[in-house]
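Hi everyone, and thanks for coming. Let me put the structure up on the screen, and then we can walk through it together.

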Amino acid sequence: MKLSPGAVLPFAAWTAPKASLRGTPEITPSSTTKGVSLAINSLVGASCGWFEQPVDHNDPKLGTWQQQYCVSREWWAGPGSPVVFMTPGEEPIIRSVSSSLGYTFLQNTTMPGMYAQAIGAATVVLEHRYFGGSSPYDGFDSETLQYLTTEQAAADIVNFAQKIQFPFDKSQTSNSPKAPWIYYGASYTATIGSWIEQFHPGVFHAFHLSSAIVEANPDNWYYYDTIRQGIDALWNGTKYGNGASCSLALNTVSEFVDSILLPDDGTKRDEKKVEALKHMHLLRCLGPRRPPLTTSPKEKKQISIVSRKLTPGYWQRQCEMHFPTAENGDQYGSAKGKTTEMLNKRTGGWGRMKERKRVVWTNGEFDPWRSTTMSSELRPGGPLQSTEDAPVFLIKNAQHADDAFTEAGMKGAGHTMNPEVVKVQEKAVEIMKGWVAEFKAPAMK
């Protein structure tokens with residue numbers, strides 16, 4: 001069974017130019033491009049276009065598809081000037097390039113624009129394959145989705161950096177490796193950046209990786225426990241029923257819901273109580289749309305702010321529900337025996353990047369994903385220590401990828417800026433300026 005894009009991936013493409021293979025007709029990109037272009041038409045020197053990519057970078061016979069990008073030359077200083085790159089990851093490009101939310105990754109309301117302004121660079125945003133208007137296929141199943149991998153996404157970015165022809169740089173003087181390309185990534189896109197840094201060295205001159213998940217963990221109960229710590233720090237002193245703290249109150253609620261939905265004593269659940277919970281909308285918090293690989297603590301004595309039914313087995317069952325075996329027998333990775341241990345062995349996990357240069361690592365003190373990053377307390381030897389070549393910043397009172405937005409961006413979005421984030425951003429800009437000044441283009445053959 002082949003599912004429609006919306007049934008598998010939110011925000012997936014309906015009107016994208018498709019791969020010209022297997023008899024799938026191409027759809028014109030004009031309507032998609034027009035919609036995104038209209039969203040950025042107020043931005044200085046910004047334009048959008050399409051870039052041809054292979055469906056499979058390891059098998060060109062499968063054909064090609066079109067990937068959308070938007071670029072701004074507002075601060076570009078001329079031929080050979082740097083480029084600051086980002087990809088929005090698991091959402092359409094329009095959310096990253098439209099200023100309707102109060103910020104855009106093409107301007108200095110975000111960290112990429114802040115870098116570009118400081119070093120005289122162009123800013124470019126490349127849509128991730130299979131999202132927004134950039135999908136090789138009309139419908140998704142385990143057969144077509146086999147090309148939705150970190151390896152393929154990283155190869156897309158490498159191919160783009162080396163071959164794109166910007167409308168203001170027809171001679172490609174600012175392509176990699178002729179000019180320094182700076183990679184900015186946050187969360188999953190920071191993970192892609194770490195992959196590129198390791199497996200495609202030399203394409204990007206420097207990296208800023210915010211909240212990069214580098215160590216795969218199928219039982220990451222630390223995710224919600226970090227949130228618990230942040231809640232108690234933020235609402236310290238606030239008491240609820242019977243004098244309980246906020247996290248204890250949430251623990252009581254989650255255990256109460258568990259006892260109704262999935263009683264441990266073998267009794268049949270009370271459907272009237274279940275129906276009452278539906279009206280309270282609590283089932284939304286316990287359904288299959290919760291982020292994967294985040295579980296509750298194993299020990300009962302450990303406070304949990306979420307259902308204790310969130311286990312690795314629960315998430316594994318979701319894989320089969322969302323990605324059933326395709327008609328040709330193709331299956332998702334873990335169904336074919338792939339494990340997190342295999343992934344960590346390939347990438348090096350926490351041990352990667354030991355000898356790498358020009359990587360800025362940032363994390364928030366209360367980032368839920370911190371336990372899988374270079375700043376994890378679980379990392380052998382402790383959190384990665386900062387060096388001149390790989391500075392590490394753990395931002396006090398910050399959460400997940402808080403340094404993505406500048407003070408202007410936070411103000412535009414109606415939020416208050418954490419002054420600790422500002423300090424790290426200013427330091428990162430000075431570091432990046434120094435690294436760009438060191439750039440020397442390799443001799444071209």
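Ser-211 sits in the loop between β6 and α7. Helices here (H or I, at least four residues) and strands (E, at least two) are DSSP runs, numbered from the N terminus. Ser-211 has a positive phi of about 55 degrees, although it is not a glycine. Is Ser-211 buried or exposed? Ser-211 is buried, with a relative accessible area of 1%. By buried I mean under 20% relative accessible area, by exposed over 50%, and partly exposed is in between, using a 1.4 Å probe and protein chains only.

Before I go on, a word on what you are looking at. This is a predicted model, in which local features need pLDDT of at least 70 and side-chain atom pairs count only at pLDDT 80 or more, while totals for chains, interfaces and linings use all residues. Residues are numbered from 1 along each chain as its sequence is written, and side-chain values use heavy atoms, with hydrogens and water left out.

Ala-401 also has a positive phi, near 55 degrees, in a residue other than glycine. Ala-401 belongs to the loop between β8 and α13, and this residue is buried, with a relative accessible area of 10%. While we are on the backbone, please find Pro-177, in the loop between α5 (150-163) and β5. The peptide bond from Ser-176 to Pro-177 is cis, with omega near 5 degrees.

Now the overall picture. The secondary structure comes to 14 helices and eight strands, and buried residues make up 51% of the 445 residues. Of the contacts with a separation of 6 or more, 70% are between residues 24 or more positions apart; contact means heavy atoms within 4.5 Å.

Let's turn to helix α14, residues 419-437. Its 19 residues reach 28 Å from the first C-alpha to the last, close to the 27 Å expected at 1.5 Å a residue. That expected span is 1.5 Å times one less than the number of residues. Which residues of α14 are buried? They are Val-421, Val-422, Val-424, Gln-425, Ala-428, Val-429, Met-432, Trp-435 and Val-436. These buried residues cover an arc of only 160 degrees around the axis, which puts them on the same side of α14. The arc is that of the directions from the helix axis to the C-beta atoms. On the face turned away from that buried side, α14 carries the exposed residues Pro-419 and Ala-437. What covers the buried residues of α14 includes α4 (111-119), β5 (181-186), β6 (206-210), β7 (359-364), β8 (392-395) and α13 (407-412).

For a close-up, take Val-429 in α14. Val-429 is buried, with a relative accessible area of 8%. Not counting residues up to four places away in sequence, Val-429 touches Met-111, Met-114, Tyr-115 and Ala-118. Val-429 and Gln-117 are 312 residues apart along the chain, yet 9.8 Å separates their C-alpha atoms.

Next, how do we describe helices that pack together? Two packed helices are described by the angle between their axes and the distance between the axes. Helix α7 (residues 222-234) and helix α8 (residues 246-261) pack at an angle of about 135 degrees, with their axes 8 Å apart. Axes are lines fitted to C-alpha atoms, for helices over the stretch in contact, and angles run from 0 to 180 degrees between N-to-C directions. α7 and α8 are therefore oblique to each other. Angles under 35 degrees count as roughly parallel, over 145 as roughly antiparallel, 65 to 115 as roughly perpendicular and the rest as oblique. Arg-228, Ile-231 and Asp-232 of α7 make the contact with Cys-246, Ser-247 and Leu-250 of α8.

A second pair is α6 (residues 188-199) and α12 (residues 340-347), whose axes come within 11 Å and cross at roughly 50 degrees. That makes α6 oblique to α12. Here Trp-195, Gln-198 and Phe-199 of α6 meet Leu-343, Arg-346 and Thr-347 of α12.

Let me finish with Thr-189, which lies in α6. Thr-189 is buried, with a relative accessible area of 4%. Leaving out residues up to four places away in sequence, Thr-189 touches Thr-87, Pro-88, Gly-89 and Tyr-183.
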